[in-house]
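Hi,

Here is the structure I said I'd pass along. Have a look at it first, and then read on for what I found.

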Amino acid sequence: MAHAEYKKWLEPDNLTKLRSWARDGLTNEQIAKKIGVKRQTFQRWLSTYSDMSDALKKGKEIVDAEIEDSLISIMKKHTVTTTQYKMVKKDDFNLKAERSKFANIYKLDHPDATKNEILIATAENVEVYEKIPISKTVTEVDPNTSAIIFWLKNRRPDIYRDQTFQKLNEANARKTLAEAQLSEAQLKAIEESDDPSNKTIIVDDIREVKSDDSNSETESRD
């Protein structure tokens, strides 16, 4: 069963899955176990099918670091190199050697394959032409202003964050302080109301107050 599944893992969705497993830190042996093949078989696949090995290599790279490096590079004045290629037919000797190598590895992975199946697989996977670079163009690119603004706002928010956010943060700070002061005042009022020496006497008639004052004066003269 494993021998018939290698093509499945060359499909785009499964290459993405391989890349994801590698990014999660799985070893080649662990990935081989997930696929359901022996480690040796998986290693042969990697040496034979470049799409598969490239997927693992890409997955094992630190994606965040790549993105940060790209962001930093476009914030500075930099150059972009464009290479043009032409397709050239491989030398017969080299082409024959590549086909022979592929066929031998394919036989190991597919011991029941017929000669015709091996020839078809070899024709599908060994390119007759190769890319040869013929020219390079180097272009100078100015710094990306949007990238610079994004970087500064996130790296130095105390200085470069939008004024709207600064004002909102200040308003929230004032609101929190006011609420704290109000809570403190309410607590103090409750404490004072519980103190007997701070009791307030309420009377309904002002004459009662005067009467009490007169009686106090009489008692004093006596």
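Below is a quick tour, starting with the whole chain and then going through the helices at the N-terminal end.

First, a caveat: this is a predicted model, so please read everything below with that in mind.

**The whole chain**

The protein chain has 11 helices and 2 strands. Reading from the N terminus, the order is α-α-α-α-α-β-α-α-β-α-α-α-α. Of the 222 residues, 19% are buried. The exposed surface of the chain comes to about 17400 Å², with carbon and sulfur atoms supplying 51% of that. If you take the contacts with a separation of 6 or more, 70% of them join residues 24 or more positions apart.

**H1 and H2**

Helix H1 covers residues 12–23 and helix H2 covers residues 28–35. Their axes come within 10 Å and cross at roughly 140 degrees, so H1 and H2 are oblique to each other. The crossing is right-handed. On the H1 side, the contact uses Leu 18, Trp 21 and Ala 22, while H2 brings Ile 31, Lys 34 and Ile 35. Sorted by class, that makes 5 nonpolar residues, 1 charged and no polar ones.

**H2 and H3**

Next comes helix H3, residues 39–48, whose axis comes within 9 Å of that of H2. Here the crossing angle is roughly 100 degrees, and H2 and H3 are therefore roughly perpendicular to each other. Asn 28, Glu 29, Ile 31, Ala 32 and Ile 35 of H2 touch Arg 39, Phe 42, Gln 43, Trp 45 and Leu 46 of H3. The class count for this contact is 6 nonpolar, 2 polar and 2 charged residues.

Which residues of H3 are buried? They are Thr 41, Phe 42, Trp 45, Leu 46 and Thr 48. What do these buried residues pack against? Their partners are H2, helix H4 (50–60) and helix H6 (92–109). Phe 42, Trp 45 and Leu 46 are worth clicking on, since they are among the buried residues of H3 and also among the ones that meet H2.

**H1 and H4**

H1 also has H4 as a partner: the two axes come within 7 Å and cross at roughly 35 degrees. This crossing is right-handed. From H1, the residues involved are Leu 15, Leu 18, Arg 19, Ala 22 and Arg 23. They meet Asp 51, Met 52, Ala 55, Leu 56, Lys 58, Gly 59 and Lys 60 in H4. By class, there are 6 nonpolar, 1 polar and 5 charged residues in this contact. Leu 18 and Ala 22 take part here, and they are also in the contact of H1 with H2.

**The start of H1**

Two residues here are handy for getting your bearings. Glu 11 sits in the segment before H1 and is partly exposed, at 43% relative accessibility. Pro 12 lies in H1 itself and is exposed, because its relative accessible area of 62% is over the 50% cut-off.

How far from Met 52 are they, C-alpha to C-alpha? For Glu 11 the distance in space is 9.5 Å, with the two positions 41 residues apart in sequence numbering. Pro 12 is 40 residues from Met 52 in sequence and 10.0 Å from it in space. Met 52 is also one of the H4 residues that meet H1.

Cheers

Note on methods
Residues are numbered from 1 along each chain as its sequence is written. This is a predicted model: local features need pLDDT of at least 70, side-chain atom pairs count only at pLDDT 80 or more; totals for chains, interfaces and linings use all residues. Side-chain values use heavy atoms; hydrogens and water are left out. Helices (H or I, at least four residues) and strands (E, at least two) are DSSP runs, numbered from the N terminus. Buried means under 20% relative accessible area, exposed over 50%, partly exposed in between (1.4 Å probe, protein chains only). Contact means heavy atoms within 4.5 Å. Accessible areas come from the Shrake-Rupley method with a 1.4 Å probe; for residues, only the protein chains shown count as cover. Axes are lines fitted to C-alpha atoms, for helices over the stretch in contact, and angles run from 0 to 180 degrees between N-to-C directions. Angles under 35 degrees count as roughly parallel, over 145 as roughly antiparallel, 65 to 115 as roughly perpendicular and the rest as oblique. A crossing is left-handed if the near helix is turned anticlockwise from the far one by less than a right angle, and right-handed if clockwise. Ala, Val, Leu, Ile, Met, Phe, Trp, Tyr, Cys and Pro count as nonpolar, Asp, Glu, Lys and Arg as charged, and the others, Gly among them, as polar.
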